[in-house]
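The following note sets out points for a colleague who is examining this model. Please read it with the sequence and the coordinates at hand.

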Number of protein chains: 2
Amino acid sequence: MSKSTIYQIAEQVGVSPSTVSRALSGNGYCGKRTKMKIIEAAKALNYAPDQAAKMLKTRKTNKIIFAVPDICNPFYFDMINGINQVAEEYGYLLILIYTKHQLSEELKAIQNVKERVADGMIMVSFHFCEENIKAINELSSPVVLTNQFDSPGGGDRFDYVYVDTYAGTKQGTEHLIQQGIERIGFIGGSLSEQTGMQRYAGYRDALLEGGVPYADELVKESDYTEAGGYEVAKRLLSQPDRPQAIVAANDLMAIGVMHACEEAGLSVPLDMAIVGMDNLDISSRVYPKLTSVSLMQEEIGRQAAMILMYRLHGKAMERSAIKIVPSLVVRQSSIWRTGDTK
Amino acid sequence: MSKSTIYQIAEQVGVSPSTVSRALSGNGYCGKRTKMKIIEAAKALNYAPDQAAKMLKTRKTNKIIFAVPDICNPFYFDMINGINQVAEEYGYLLILIYTKHQLSEELKAIQNVKERVADGMIMVSFHFCEENIKAINELSSPVVLTNQFDSPGGGDRFDYVYVDTYAGTKQGTEHLIQQGIERIGFIGGSLSEQTGMQRYAGYRDALLEGGVPYADELVKESDYTEAGGYEVAKRLLSQPDRPQAIVAANDLMAIGVMHACEEAGLSVPLDMAIVGMDNLDISSRVYPKLTSVSLMQEEIGRQAAMILMYRLHGKAMERSAIKIVPSLVVRQSSIWRTGDTK
DNA sequence: GTAAAATGTGAAATCGATTGCAGAACGGAA
DNA sequence: TTCCGTTCTGCAATCGATTTCACATTTTAC
């Protein structure tokens, strides 16, 4: 009942193992009658090819690794999904490695590629440093990196996919400006981090380009949590000349803002229009539904996987740094004037 | 710079490949001086053991497969997380296979185990039938099955982990009864499915045992979606003697109920207490926060992985069917009388 | 009908590690 | 010194498939 090998099939049918291999894999010539007999015998013997042996000989694993910092973060699920779509299409299995934001774990993931556990890897990392860049550059297998910042640099040996968060907050802010709102607040993450800075810059530039006055007191830093957004929003709302709209650097903070409004008796969106970013699952479930900038996670995953597939199939390509443009998903929370709630 | 083998190291150092293997893997004797030289040479040659070769010889892959119907469903992320915790602890990598609720994909996943892509598998399936049970029983590698129903039966060759959803709705209902609420409605999924029936039965039995009258008009079937819950709730709310509380068979429907209440001008929880089930991420973010029965996804994953590890390490065990008891997470939406909103 | 091309098959090498066996070198005890 | 036990090392087989080469057989072409 249990496993068997091509040798046993060969013996059974009375041919050589090589013939069995050819019959079963379809590589090379094989007579029709022999082939039939071999296939039958394989079925009878409950044969299944041993992938380890196959891998050893062919130097292909048909697996790719996705190294992700944080499995618990819903942000990455969509990425996994995007990657998996492509992987499946090309006949690859997906190995998930959870790096916990730790360099040591990232290096372990890289080591796995080096040991040929998989043919290639997609990695999300927030700390590119000499050590992991060097390790990646030494690999002979392709690696695609992604995160929400812009290019890590130093990588002549890997491709890169990233989201333009600057364009994201800019879009969100423009959407508000187009409705004629003039006092627009911003709640960001830390401005000392690159990603926080970019989101802020998008907001600021949208104001400038839109000819809307920029006011320092309408900009607050927070920590990307719901509670953080709530606290900061309370301060914004109690200001003498409170904003009419708020752009939050992520959805969790935006939801915090919504709660603060509710508590202050302000109607969203009529008294206060709100735009978030990340387009979480939750965001379409809160009331009113939250307008949010989608960071296109699934698209990132798909693009990254695509590039990896191109590399794996030897297509010649420049090293690429693909910038994904986020897209604004308009829902009730930001519809201030026009009545077309969708 | 690229890959090298133990043969190259052997040549470099002037010993035999077997010695190199022993030095590097630590199996068997190896002189201290030789070992040092070998390790040095390995480093110099940028050596990494080829896992395919190792797998072929040792018959171990150090990988497990998790076959899951639906990557997009947040329900499974926590399971993945639980599984991964255990897998990592034991030095296994996790391969994710997305079966899309299709039997054919499940069979492919099983085939992967048969071909020794991984040492074992955890699978979530909603349609156990002769075909996949048979395929699993023919495997020589261990498989652990899980879903939300009770035992599939027919499996002398696999272990089983499941959640007692009956106990879940029962707990939720009892929680309401204990607060003195008497007219408690129930919104379930299809009662013709096992899982729907069990959730309903838990509700019904809680009423019976709590001495609270059961009324047919307070029980509605829906489809586990937010929109479905909303629709059905509207009907419940417009009844002459509307319920004071509602138990929903999952959180999405419960959120639909909340929206219906909001629309009808009913305060949650004062006019209407609500309990959901699944304890989604969202549920703690809606307003008011939703009381929900946690189905312990992470715990299921952890338990399933544990059992798999035991099997893989040859520990003798009875075939097990582990029942996980869900736990009620009380939040504002169900606090009717006492003032201790937490 | 014969040459040329296409097809079918087997022997043997190969992928890169692990491991059982046997012999060598070493140590300490008598 | 002799003997025994431990430690070290090499040889060679093995895991299970793929693939090159050579040869045998068939088919096609003219």
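**Notes on the model**

1. B:Pro288 sits in the loop that runs between strand 9 and strand 10 (291-294) of chain B. The peptide bond joining B:Tyr287 to B:Pro288 is cis, with omega of about -5°. This is a predicted model, and the points below should be read accordingly.

2. A cis peptide bond also links B:Val268 and B:Pro269, where omega is about 10°. B:Pro269 belongs to the loop between helix 11 and strand 9 (273-277) of chain B. As background, most peptide bonds are trans, and most residues other than glycine have a negative phi.

3. A:Arg59 deserves inspection for its backbone: phi is near 65°, a positive value in a residue other than glycine. A:Arg59 is placed in the loop between helix 4 and strand 1 of chain A. The side chain of A:Arg59 takes part in a salt bridge with B:Asp50, and the closest N and O atoms are 2.7 Å apart.

4. That pair belongs to the interface of chain B and chain A, across which 6 salt bridges are found. The count of residue pairs in polar contact between chain B and chain A is 12, with both residues at pLDDT 80 or more. On the side of chain B that touches chain A, at least two residues each come from helix 4, helix 5 (74-89), strand 2 (93-98), helix 6 (103-114) and helix 11 (251-264) of chain B. By class, this side of chain B has 23 nonpolar, 8 polar and 15 charged residues.

5. How many residues of each chain are in contact across the interface? Contacts join 46 residues of chain B with 46 residues of chain A. The size of an interface is often expressed as the accessible area lost when the parts come together. Between chain B and chain A, the buried area is about 4300 Å², and carbon and sulfur atoms give 60% of it.

6. The chains also share strand pairing: strand 2 (residues 93-98) of chain A pairs with strand 2 of chain B in the antiparallel sense, over 3 bridges. Within this pairing, A:Leu94 has B:Leu96 as its bridge partner in strand 2 of chain B.

7. Over all chains, the structure holds 32 salt bridges. One of them joins the side chains of A:Asp119 and A:Lys60, at 3.7 Å from N to O. A:Asp119 lies in the loop between helix 6 (103-114) and strand 3 (120-124) of chain A, and A:Lys60 in the loop between helix 4 and strand 1 (63-68) of chain A, so this salt bridge ties together parts that are 59 residues apart in sequence.

8. Which residues come nearest to DNA strand D? They are A:Ile6, A:Ser21, B:Thr19, B:Gly31 and B:Thr34, out of 29 residues around the strand. At least two residues of the surface near DNA strand D come from each of helix 1 (6-13), helix 2 (17-25) and helix 4 (51-58) of chain A, and from each of helix 2 (17-25) and helix 4 (51-58) of chain B. Helix 4 of chain A gives the largest share, 5 residues. The class make-up of the surface near DNA strand D is 11 nonpolar, 11 polar and 7 charged residues.

9. Of the atoms of DNA strand D within 4 Å of the protein, 56% belong to sugar or phosphate and the rest to bases. Several polar contacts involve phosphate oxygens of this strand. A polar side-chain atom of B:Thr19 is 2.5 Å from one such oxygen, and an N or O atom in the side chain of A:Asn27 is 3.3 Å from a phosphate oxygen. A:Asp50 contributes a polar backbone atom, 3.1 Å from a phosphate oxygen of DNA strand D.

10. DNA strand C is surrounded by 29 residues, the closest being A:Thr19, A:Gly31, A:Thr34, B:Ile6 and B:Ser21. The largest share of the surface near DNA strand C, 5 residues, is supplied by helix 4 of chain B. Where does the side chain of A:Ser18 meet DNA strand C? An N or O atom of that side chain is 3.3 Å from a base nitrogen. Phosphate oxygens of DNA strand C lie 3.3 Å from a polar side-chain atom of A:Tyr29 and 2.8 Å from a polar side-chain atom of B:Tyr47.

Key
Residues are numbered from 1 along each chain as its sequence is written. Chains are lettered from A and ligands numbered from 1 in the order in which they are written. This is a predicted model: local features need pLDDT of at least 70, side-chain atom pairs count only at pLDDT 80 or more; totals for chains, interfaces and linings use all residues. Side-chain values use heavy atoms; hydrogens and water are left out. A residue is near a molecule or strand if one of its heavy atoms lies within 4 Å of it. A polar contact is a pair of N or O atoms within 3.5 Å; within protein, one must be able to donate a hydrogen and the other to accept it, and residues adjacent in sequence count only if both atoms are side-chain atoms. Helices (H or I, at least four residues) and strands (E, at least two) are DSSP runs, numbered from the N terminus. Ala, Val, Leu, Ile, Met, Phe, Trp, Tyr, Cys and Pro count as nonpolar, Asp, Glu, Lys and Arg as charged, and the others, Gly among them, as polar. Contact means heavy atoms within 4.5 Å. Buried area is the accessible area (1.4 Å probe) that two parts lose on being put together, summed over both. A salt bridge is a side-chain nitrogen of Lys or Arg within 4 Å of a carboxyl oxygen of Asp or Glu. Two strands pair if DSSP finds at least two bridges between them.
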